[in-house]
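Subject: Structure handover and findings

Hello,

Here is the structure I said I would pass on. My notes on it follow below.

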Amino acid sequence: MVRRHELTDAAWRRIEPLLPAQPPRGGRWADHRTVLNGILWKLATGAPWRDLPDRYGNWKTVYERYRRWAADGTFDRILT
């Protein structure tokens, strides 16, 4: 069951190829889908980043990914 403000499997299949690949070296990023669901929750609710539910991971990670994707055009590609 998909929670409110979260991506369906069909939406995720369309969006996933538009997201950056995992870095070849170093640590692995937090799961893109979980982070994106956290971003969607934050944008839909208007709550502060620090109030992000734990199921989306660390709020700082979600915020930084949001900031990076907004700056590098990832969100533009998703919306197009």
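The secondary structure of this protein amounts to four helices and zero strands. Read from the N terminus, the order of elements is α-α-α-α. Please keep in mind that this is a predicted model.

Overall dimensions

A compact globule of 80 residues would have a radius of gyration near 12 Å, and the protein has 12 Å, which agrees with that value. Along the principal axes, the C-alpha atoms occupy a box of roughly 30 × 30 × 25 Å. Of the 80 residues, 30% are buried. If contacts are restricted to residues at least 6 apart in sequence, 51% of them join residues at least 24 apart.

Surface and charge

The exposed area of the protein is about 5600 Å², with 50% of it supplied by carbon and sulfur atoms. There are 15 positive and 9 negative side chains. The centres of these two sets lie 2 Å apart.

Aromatic pairs

Searching the whole structure gives five aromatic pairs. One of them joins Trp-41 and Tyr-56: the ring centres are 6.5 Å apart and the planes meet at 40 degrees, so the pair is tilted. An angle under 30 degrees would have counted as stacked, and one over 60 as edge-to-face. Trp-41 belongs to helix H2 (residues 32-45), whereas Tyr-56 sits in the loop between H2 and helix H3 (59-72), so this pair ties together parts that are 15 residues apart in sequence. How accessible are the two partners, Trp-41 and Tyr-56? Trp-41 has a relative accessible area of 14% and is buried. Tyr-56, at 3% relative accessibility, counts as buried.

Another pair is made by Tyr-66 and Phe-75, with ring centres 5.7 Å apart and planes at 55 degrees, so this pair is tilted. Here Tyr-66 counts as partly exposed at 26% relative accessibility, while Phe-75 counts as buried at 16%. The cut-off for buried is under 20% relative accessible area, so Tyr-66 at 26% falls outside it and Phe-75 at 16% falls inside.

Tyr-66 and Phe-75 are also members of one aromatic cluster, together with Trp-49, Tyr-63 and Trp-69.

Contacts of Lys-42 and Trp-59

Two further residues are listed here for their contacts with Trp-49, which is part of that cluster.

Lys-42 is found in helix H2. Buried or exposed? Lys-42 is buried, with a relative accessible area of 16%. Leaving out residues up to four places away in sequence, Lys-42 touches Ala-47, Trp-49 and Leu-52. The C-alpha atoms of Lys-42 and Pro-53 are separated by 9.4 Å, and the two residues are 11 apart along the chain.

Trp-59 has its place in helix H3. Its relative accessible area is 23%, so Trp-59 is partly exposed. Which residues does Trp-59 contact, leaving aside its neighbours within four places in sequence? They are Trp-49, Arg-50 and Leu-52. Between Trp-59 and Ile-39, which are 20 residues apart along the chain, the C-alpha separation is 9.4 Å.

The N-terminal part

Ala-11 lies in helix H1 and counts as partly exposed at 25% relative accessibility. Ala-11 and Asp-31 are 20 residues apart along the chain, with 16 Å between their C-alpha atoms.

His-5 is in the segment before helix H1 (9-15). With a relative accessible area of 30%, His-5 is partly exposed. The backbone angle deserves a note: most residues other than glycine have a negative phi. His-5 is not a glycine, yet has a positive phi of about 70 degrees.

That is what I have for now.

Regards

Methods. Residues numbered from 1 in each chain as written. Heavy atoms only, no water. Phe/Tyr/Trp six-rings, centres within 6.5 Å; stacked < 30°, edge-to-face > 60°. Helix = DSSP H or I, 4+ residues; strand = E, 2+ residues; numbered from the N terminus. Buried < 20%, exposed > 50% of the residue type's maximum accessible area, 1.4 Å probe, protein only. Rg over C-alpha atoms; globule rule 2.2 N^0.38 Å. Contact = heavy atoms within 4.5 Å. Areas by Shrake-Rupley, 256 points an atom, 1.4 Å probe, with all protein chains shown as cover. Lys, Arg positive; Asp, Glu negative; His and termini not counted. Charge placed at Lys NZ, Arg CZ, Asp CG, Glu CD.
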